[in-house]
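Here are some notes to read alongside the coordinates, set out as numbered points. They begin with one term that the later points rely on.

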Amino acid sequence: MQPKTAEASKTIMTDLVLPSETNPINNLFGGELLARMDRAASIAARRHSRRIVVTASVNHVAFNRAIPLGSVVTVEAKVSRAFTTSMEVFLDVWIEDRESGNRDKANEAIYTFVAVDETGKPVTVPELIPETDLEKERFNAALRRKQLALVLAGKMKPHDATELKALFV
Ligand SMILES: CC(C)(COP(=O)(O)OP(=O)(O)OC[C@H]1O[C@@H](n2cnc3c(N)ncnc32)[C@H](O)[C@@H]1OP(=O)(O)O)[C@@H](O)C(=O)NCCC(=O)NCCS
């Protein structure tokens, strides 16, 4: 399988925040943002693998900034690292100022997707090549995050999480 760049998976989704998508104080409902990020991330993972992909875990979400009703929200997703059958996808969420057009970072998240065949069995994915400094930084930390997710899910024993242990010794 030919390795692919992170850029090749880049997916950008821009949409408005409508009244039906807000909480009682007129900010975007958290679950709505999670769904938007899941959709963008799944397209990025699909572009990288060219397979059916399923969400395996949401590794990290930071709702740092509320997103008001009427905002123009852009979700950018890119595969940050590919393992054997799984892919880590990084999401950056931006709000666009109506008058200046400038973008402010509102939130970020990290999801894991697994490529599967028609029966739901995991299948291998191409290697990912990071190019920019940010892509390399995210790529290098991804194994640590994968081990943490597996330990938390009870799928890896803590003493096998070598990358995690290296953080503390
Ligand atoms: C995700 C899924 C395919 C993994 O199946 P599995 O039987 O655990 O398969 P494996 O143990 O072979 O793991 C496959 C890959 O998933 C990764 N994985 C499994 N659980 C994970 C978790 N909680 N976090 C991160 N990665 C995980 C494994 O590390 C492995 O990655 P690798 O091949 O790149 O090393 C399976 O659990 C599934 O189908 N889940 C439901 C998915 C779904 O419906 N999502 C929508 C939610 S509503």
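1. A word on usage before the details: two residues are taken to be in contact if their C-beta atoms, placed from the backbone, lie within 7 Å. With that in mind, the cover over the buried residues of helix 2 includes strand 3 (52-62), strand 4 (72-82), strand 5 (86-96) and strand 6 (103-116). Please bear in mind throughout that this is a predicted model.

2. Helix 2 itself runs over residues 133-152, and its 20 residues reach 29 Å from the first C-alpha to the last, close to the 28 Å expected at 1.5 Å a residue. There is nevertheless a kink of about 35° in helix 2, centred on Ala142, and Ala142 is also listed among the buried residues of this helix, together with Glu135, Arg138, Phe139, Arg145, Lys146, Ala149 and Leu150. After the helix comes Gly154, which has a positive phi, near 75°.

3. Ser80, which belongs to strand 4, deserves a separate look. Ser80 counts as buried because it has 26 C-beta neighbours inside 10 Å, where 20 or more are required. Leaving aside neighbours within four places in sequence, its contacts are Ala6, then Glu88, Val89 and Phe90, and finally Glu135, Arg138, Phe139 and Ala142; these last four are themselves buried residues of helix 2. By contrast, the C-alpha atoms of Ser80 and Val93, 13 residues apart along the chain, are separated by 16 Å.

4. Helix 1 covers residues 30-49 and has 20 residues, reaching 28 Å between its first and last C-alpha, close to the expected 28 Å. Its buried residues are Leu33, Arg36, Met37, Ala40, Ala41, Ala44, Ala45, His48 and Ser49, and the helix is followed by Arg50, whose phi is positive, near 55°.

5. Turning to the ligand, 18 residues surround it, and the closest are Ser57, Phe83, Thr84, Thr85 and Ser86. Strand 3, strand 6 and helix 2 each supply at least two residues of this shell, with the largest share, four residues, coming from strand 3. Sorted by class, the shell holds nine nonpolar, seven polar and two charged residues.

6. Finally, on annotation: an unreviewed UniProt entry lists residues 7-119 as "domain: HotDog ACOT-type". In the model, the end C-alpha atoms of residues 7-119 lie 29 Å apart, and the span is 18% helix and 47% strand.

Conventions: Residues are numbered from 1 along each chain as its sequence is written. This is a predicted model: local features need pLDDT of at least 70, side-chain atom pairs count only at pLDDT 80 or more; totals for chains, interfaces and linings use all residues. The expected span of a helix is 1.5 Å times one less than its number of residues. The bend at a residue is the angle between axes fitted to the seven residues ending there and the seven starting there. A residue is buried if 20 or more other C-beta atoms lie within 10 Å of its own, exposed if 12 or fewer, and partly exposed in between; C-beta atoms are placed from the backbone. A residue is near a molecule or strand if its C-beta atom, placed from the backbone, lies within 6 Å of it. Ala, Val, Leu, Ile, Met, Phe, Trp, Tyr, Cys and Pro count as nonpolar, Asp, Glu, Lys and Arg as charged, and the others, Gly among them, as polar. UniProt positions are given in the numbering used here, feature names are shortened, and annotations may be inferred rather than shown by experiment.
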